[in-house]
Amino acid sequence: MSAKPNVEFTHDLYRAILTLETEEECEAFFRDLCTIPELKALSQRFAVAMMLDKNMVYNKIVEATGASTATISRVKRSLDYENAGGYTLVFDRLKDE
């Protein structure tokens with residue numbers, strides 16, 4: 001299997017996520033879609049990103065999330081270089097809620 005995601009499958013997933021209207025619907029969908037370790041990893045990365053966005057230091061993030069410093073560094077690179085700008089977009093929208 002290729003290391004790159006199948007574009008058609010990826011777009012189908014994005015379109016499916018966009019149909020969800022409530023937090024409860026999101027929870028049900030992601031619980032069906034992901035294994036518990038996958039959901040834990042996604043949630044942990046997002047928590048790390050939110051903490052980095054608030055300028056928390058690595059050791060506090062490790063304590064709070066259990067994430068490895070390697071995971072924190074990878075998330076930090078995404079934030080610093082705005083790979084796709086997704087984190088910034090979501091953080092801005094969450095602040096507006």
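**Exercise 1. Determine whether L89 is buried or exposed, and identify the surface feature to which L89 belongs.**

Step 1. L89 has a relative accessible area of 43% and is therefore partly exposed; buried means under 20% relative accessible area, exposed over 50%, and partly exposed in between (1.4 Å probe, protein chains only). The model is a predicted one, in which local features need pLDDT of at least 70 and side-chain atom pairs count only at pLDDT 80 or more, while totals for chains, interfaces and linings use all residues. Residues are numbered from 1 along each chain as its sequence is written, and side-chain values use heavy atoms, with hydrogens and water left out.

Step 2. L89 is placed in helix 6, which spans residues 86-96. Helices are DSSP runs (H or I, at least four residues) numbered from the N terminus.

Step 3. Together with M50, V90 and L94, L89 forms a nonpolar patch on the surface, with about 300 Å² of accessible area in total. Such a patch consists of residues with over 30% relative accessible area and no salt bridge, nonpolar side chains (Val, Leu, Ile, Met, Phe, Trp, Tyr) being joined within 5 Å. Accessible areas come from the Shrake-Rupley method with a 1.4 Å probe, and for residues only the protein chains shown count as cover. Helix 6 gives the most to the patch, with 3 residues.

**Exercise 2. Describe where L52 lies and which residues L52 contacts.**

Step 1. L52 belongs to helix 3 (residues 36-53). With 11% relative accessibility, L52 is buried.

Step 2. Apart from neighbours within four places in sequence, L52 contacts Y58, I61, I72, V75, K76 and L79, where contact means heavy atoms within 4.5 Å.

Step 3. The largest nonpolar core has 10 residues: V48, A49, M51, L52, I61, A67, I72, V75, L79 and F91. Helix 3 and helix 5 (69-81) each supply at least two residues of this core, and helix 3 gives the most, with 4 residues. A nonpolar core is a set of buried Ala, Val, Leu, Ile, Met, Phe, Trp, Tyr and Cys residues joined through side-chain atoms within 4.5 Å. In soluble globular proteins, nonpolar side chains tend to be buried together.

**Exercise 3. Establish how many disulfides the structure holds, and examine C26 and C34.**

Step 1. The structure holds 0 disulfides, a disulfide being a pair of cysteine sulfur atoms within 2.5 Å.

Step 2. For C26, the nearest cysteine sulfur is that of C34, 12 Å away.

Step 3. C26 is partly exposed at 28% relative accessibility, whereas C34 is buried at 14%.

**Exercise 4. State how many salt bridges a search of the whole structure finds, and analyse the pairs R15 with D12, E27 with R31, and K95 with D53.**

Step 1. The search finds 4 salt bridges; the criterion is a side-chain nitrogen of Lys or Arg within 4 Å of a carboxyl oxygen of Asp or Glu.

Step 2. In the pair R15 and D12, the closest N and O atoms are 2.3 Å apart. These residues are 3 apart in helix 1 (residues 7-18), so about one helical turn separates them.

Step 3. E27 and R31 form a salt bridge at 3.6 Å, N to O. They are 4 residues apart in helix 2 (residues 23-33), again about one helical turn. E27 is partly exposed at 45%, and R31 is exposed at 56%.

Step 4. K95 pairs with D53, the closest N and O atoms being 3.7 Å apart. Because K95 lies in helix 6 and D53 in helix 3, this pair ties together parts 42 residues apart in sequence.

Terms used
Patch = residues over 30% accessible without salt bridge, like charges linked within 9 Å, V, L, I, M, F, W, Y side chains within 5 Å.
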